[in-house]
Amino acid sequence: MSVEIKTIGVIGAGQMGNGIAHVAAAADYKVILVDVNADALEKAVATITKNLDRQVKKEKITQDARDSALANIDTSTEMSALSSADLVIEAATENEEIKKAIFEQVCAVVPEHTILASNTSSISITRLAASTDRPERFIGMHFMNPVPVMKLVELIRGIATDEDTFQCIKEMTARLGKTSVSAEDFPAFIVNRILIPMINEAVYTLYEGVGNVKSIDNAMRLGANHPMGPLQLGDFIGLDTCLAIMNVLHEGLADTKYRPCPLLVKYVEAGWLGRKTGRGFYDYSGDEPVPTR
């Protein structure tokens, strides 16, 4: 069944959710941004406004385009607001049980034709789809962070995803101005299968005293021409997210090479999650990030 997408629901007003809402509204889709936390919704709209204003200042979009994008966004704390959505993209925390609980609520309010998508960066699309009433209209859409800047979206088919759903989402992704790649439904897909173990290895390098935070990040920036050091990147992604993905890889592939570094586990246990908590491998309390080791 082919679906014409006019209205997109986005669940989760955090960093990924507000970025997805931003690019969808800018592509002239009607957007319903849903979060249980009203303060998070208010903060998300403020972030989107700030980012659109920056694009106007850099002459990447016009003032009219900025105003039109903001007018396309509605917010709600209720799932029932999604009753008119043709596509719902879940961008909640990287926890399988939380995502399944969200989709159970979504299925109760959306029409039969609605396509469901998860922005998961590592969890099985087939398992998430099986928890819904429409596995054939369920797909993985893994956006990169920050969404308005990064060009790539990984599209992941579950075993039951039908061809109409895949082609519909592929066309919609192109309308967002993004490039899609198709990934098979294996733990962490393509980008994070490669990227997160590299960050984990950087934490091991720190843990074993091979180098300190500054030397490890400088080595990879200057020696491998990476735009950002792996520990700095881990802080940017969120160390809890990095750990969750390593756990999915370790459990899903049953290979000890994916064992999370004990130091990464300790940082997460301490609540040192990176930029979002003000401390990770860098301290962000001052004007400039300061290495903590």
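Ile-190 comes out as partly exposed, with a relative accessible area of 38%. That value belongs to a predicted model, as does everything else described here. Along the chain, Ile-190 sits in the loop between S8 and helix H7 (191–207). In space, its C-alpha is 8.0 Å from that of Glu-154, although the two residues are 36 apart in sequence.

Ile-190 also has partners at the surface. Together with Val-181 and Ile-194, Ile-190 makes up a nonpolar surface patch, and the three share about 250 Å² of accessible area. Val-181 comes from strand S8, which runs over residues 179–183. With a relative accessible area of 31%, Val-181 is partly exposed. A residue needs over 30% to be taken into a patch, so Val-181 at 31% qualifies, and so does Ile-190 at 38%.

Ile-20 tells another story. This residue lies in helix H1 (residues 15–26), and a relative accessible area of 1% makes Ile-20 buried. The cut-off for buried is under 20%, so Ile-20 falls within it at 1%. Ile-20 and Thr-292 are 272 residues apart in sequence, and their C-alpha atoms are 32 Å apart in space.

Next come the charged pairs. The count of salt bridges comes to 10. Arg-66 takes part in one with Asp-53, where the closest N and O atoms are 2.8 Å apart. This pair ties together distant parts of the chain: Arg-66 is in helix H3 (residues 63–71) and Asp-53 in helix H2 (residues 38–57), with their positions 13 residues apart in sequence. Arg-66 forms a salt bridge with Asp-67 too, and here the closest N and O atoms are 2.9 Å apart. Put together, Asp-53, Arg-66 and Asp-67 are linked in a network of salt bridges.

How do the members of this network stand with respect to the surface? Arg-66 is buried, at a relative accessible area of 16%. Asp-53 is partly exposed, with 34% relative accessibility, and Asp-67 is also partly exposed, likewise with 34%. Since buried means under 20%, Arg-66 at 16% gets that label. Another salt bridge joins Lys-99 to Glu-94, with 3.7 Å between the closest N and O atoms. In this pair, both Lys-99 and Glu-94 are buried.

That leaves the second largest pocket, which has a volume of about 320 Å³. Its lining is made up of 15 residues. Nearest the centre of this pocket lie Glu-96, Ile-123, Arg-127, Val-248 and Glu-251. Which helix gives the most to the lining of the second largest pocket? That is helix H10 (residues 239–253), which supplies 5 residues. By type, the lining divides into 5 nonpolar, 5 polar and 5 charged residues.

Technical notes: Residues are numbered from 1 along each chain as its sequence is written. This is a predicted model: local features need pLDDT of at least 70, side-chain atom pairs count only at pLDDT 80 or more; totals for chains, interfaces and linings use all residues. Side-chain values use heavy atoms; hydrogens and water are left out. Patches are made of residues with over 30% relative accessible area and no salt bridge: like charges are joined within 9 Å, nonpolar side chains (Val, Leu, Ile, Met, Phe, Trp, Tyr) within 5 Å. Accessible areas come from the Shrake-Rupley method with a 1.4 Å probe; for residues, only the protein chains shown count as cover. A salt bridge is a side-chain nitrogen of Lys or Arg within 4 Å of a carboxyl oxygen of Asp or Glu. Helices (H or I, at least four residues) and strands (E, at least two) are DSSP runs, numbered from the N terminus. Buried means under 20% relative accessible area, exposed over 50%, partly exposed in between (1.4 Å probe, protein chains only). On a 1 Å grid over the protein atoms alone, a cavity is a set of points where a 1.4 Å probe fits but cannot get out, and a pocket is an open set with protein on both sides within 12 Å along at least five of seven lines; lining residues have an atom within 4 Å of a point. Grid points are joined across faces, edges and corners, and a volume is the space filled by probe spheres set on the points. Ala, Val, Leu, Ile, Met, Phe, Trp, Tyr, Cys and Pro count as nonpolar, Asp, Glu, Lys and Arg as charged, and the others, Gly among them, as polar.
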